[in-house]
Amino acid sequence: MSLEGEERALVDAVAERRDELVALACELIGYDTTSRSAPDEPAREEVALQRALADRLHDHGAEVDLWEPSPQEVADHPLSVPAIEFQGRPQLAAVFRNGSGRSLLLNGHIDVVPAKREDGWEADPFDPQVVDGMIVGRGACDMKGGIAAMTIAAEVLAEHAQLTGDVIVCTNTDEESSGVGGLACARHGVRADYAIVTEPSSLEVWPACRGTVYCTVTIEGRAGHAEQEHPHHSEGGAVNAITKARFLLDGVDHLRTEWRSRKALKHPLLDPPDILPTRLVADAGWHVTIPDRAEIDLSVLILPVQADSTGWTNDVQYEVETFLRRWCATDSWLQEHPPSFRWYTEVNPSETPSDAPSVEALRHANRELGLPDTLGGLGSWYDGATFALEAKTPALMYGPRTIDWAHTVNEHVPIDDLVHTAQGIAIAAWRLCR
């Protein structure tokens, strides 16, 4: 490594806090902050976690803002959830004031997906275990380990670096369930010149993510006795909605293949765009009755280049629906009884240029630390996309291994990765904010 003197001091200071980093990660995992499955589901231990983190950051010199958003703060937005409330689910923004230079936002979500011992965990998922250089527990990888790493990095910077720009530590709720937590933070005014979100990226720098929108397609048939031959539908015969759903799915396959052949939809860091059927339901209510209705759920994943002029998915919704309507119009029944489309729950794609200062700063850090100098992208979505679009803060992912371990039984994270994450952030912040 050929670290500059200040960089070396930051790297060494993080290394000296290895045990403290492990303790903090374990403390965060110990709070049950399981994400809600419905807007009115009671909070768990979000208040306790956020207050503990706020007190810690305050003790290290940060100005702390801990607040429960009002529903109005997230209203009238694609990420909004009807009847959403934030009682017991505060958001946290802690600012280390350094001056008017370039600022850096460090972000992570505190909610985790559900976990129970009886799912197969070797220990209580909220009783973290340190085993063979790993921390095991729900959220270890996604993403309380990353939050611990960015917190330690911010504290080390406050103690050892002479910066001219602010460093902001922001932790929010509701990433796993909807995205309204990050939206509330952005609308509250949390923003910076650059953002690093410590989601698990295997210590690679990921400046891009796909967006998603969901659709339920309803297909009409005509009921009849399943054990009888039926005349053509024009003569009053039954029409099996499952058969017509299969026809529509052929159209989905055709458009999916066409998307993947377009040169304009090739991305160096992201998986191709996709249209995935995730649910098909057709039930006539009786096992010998031909079903007269079918529903197909589609998950449509798009690249940044497919976003509309506002950054969202309206153009893709129009393209998919128009194509499938035309496809179905080639079937005599579906021409007369066209399917209906209900679009809902969209998240935006995002991309920070690969030559952005934040990307270059983290790549420099990785090279100096002997870590992969690799760019990548997220096949799904993360809160950084909200900060990029809503708060005009170019964001990227940089965190420990690996997203493949997220949401799994016995979720775990390497301690070495957490140390390296904190060191990489410290170096990047020093280069960006001095």
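## Strand S9 and the nonpolar cores

Strand S9 pairs with strand S14 (residues 340-347) in the antiparallel sense, with six bridges between them. Strands here are DSSP runs of E with at least two residues, helices are runs of H or I with at least four, and both are numbered from the N terminus; two strands pair if DSSP finds at least two bridges between them.

This is a predicted model, where local features need pLDDT of at least 70 and side-chain atom pairs count only at pLDDT 80 or more, while totals for chains, interfaces and linings use all residues. Residues are numbered from 1 along each chain as its sequence is written, and side-chain values use heavy atoms, leaving out hydrogens and water.

Here are the partners of S9 (residues 211-220):

| Partner strand | Sense | Bridges | Opposite residues |
|---|---|---|---|
| S13 (residues 293-302) | antiparallel | 10 bridges | Thr216 and Asp297 |
| S14 (residues 340-347) | antiparallel | six bridges | Cys215 and Trp343 |

S9 is mostly covered, with eight of its 10 residues buried (under 20% relative accessible area with a 1.4 Å probe, protein chains only; exposed is over 50%, partly exposed in between).

Now for the cores, meaning sets of buried Ala, Val, Leu, Ile, Met, Phe, Trp, Tyr and Cys residues joined through side-chain atoms within 4.5 Å. The largest one has 66 residues, and Ile196 and Tyr398 are among those with the most contacts inside it. Helix H11 (residues 415-433) gives the most to this core, 12 residues. Another core, of 32 residues including Leu79 and Met143, lies apart from it.

Leu362 sits in helix H9 (residues 357-369) and is buried, at 0% relative accessible area. Leaving aside residues up to four places away in sequence, Leu362 touches Ile196, Tyr398 and Ile425, among others (contact is heavy atoms within 4.5 Å). Leu362 and Tyr398 are 36 residues apart along the chain, yet their C-alpha atoms are separated by 8.3 Å.
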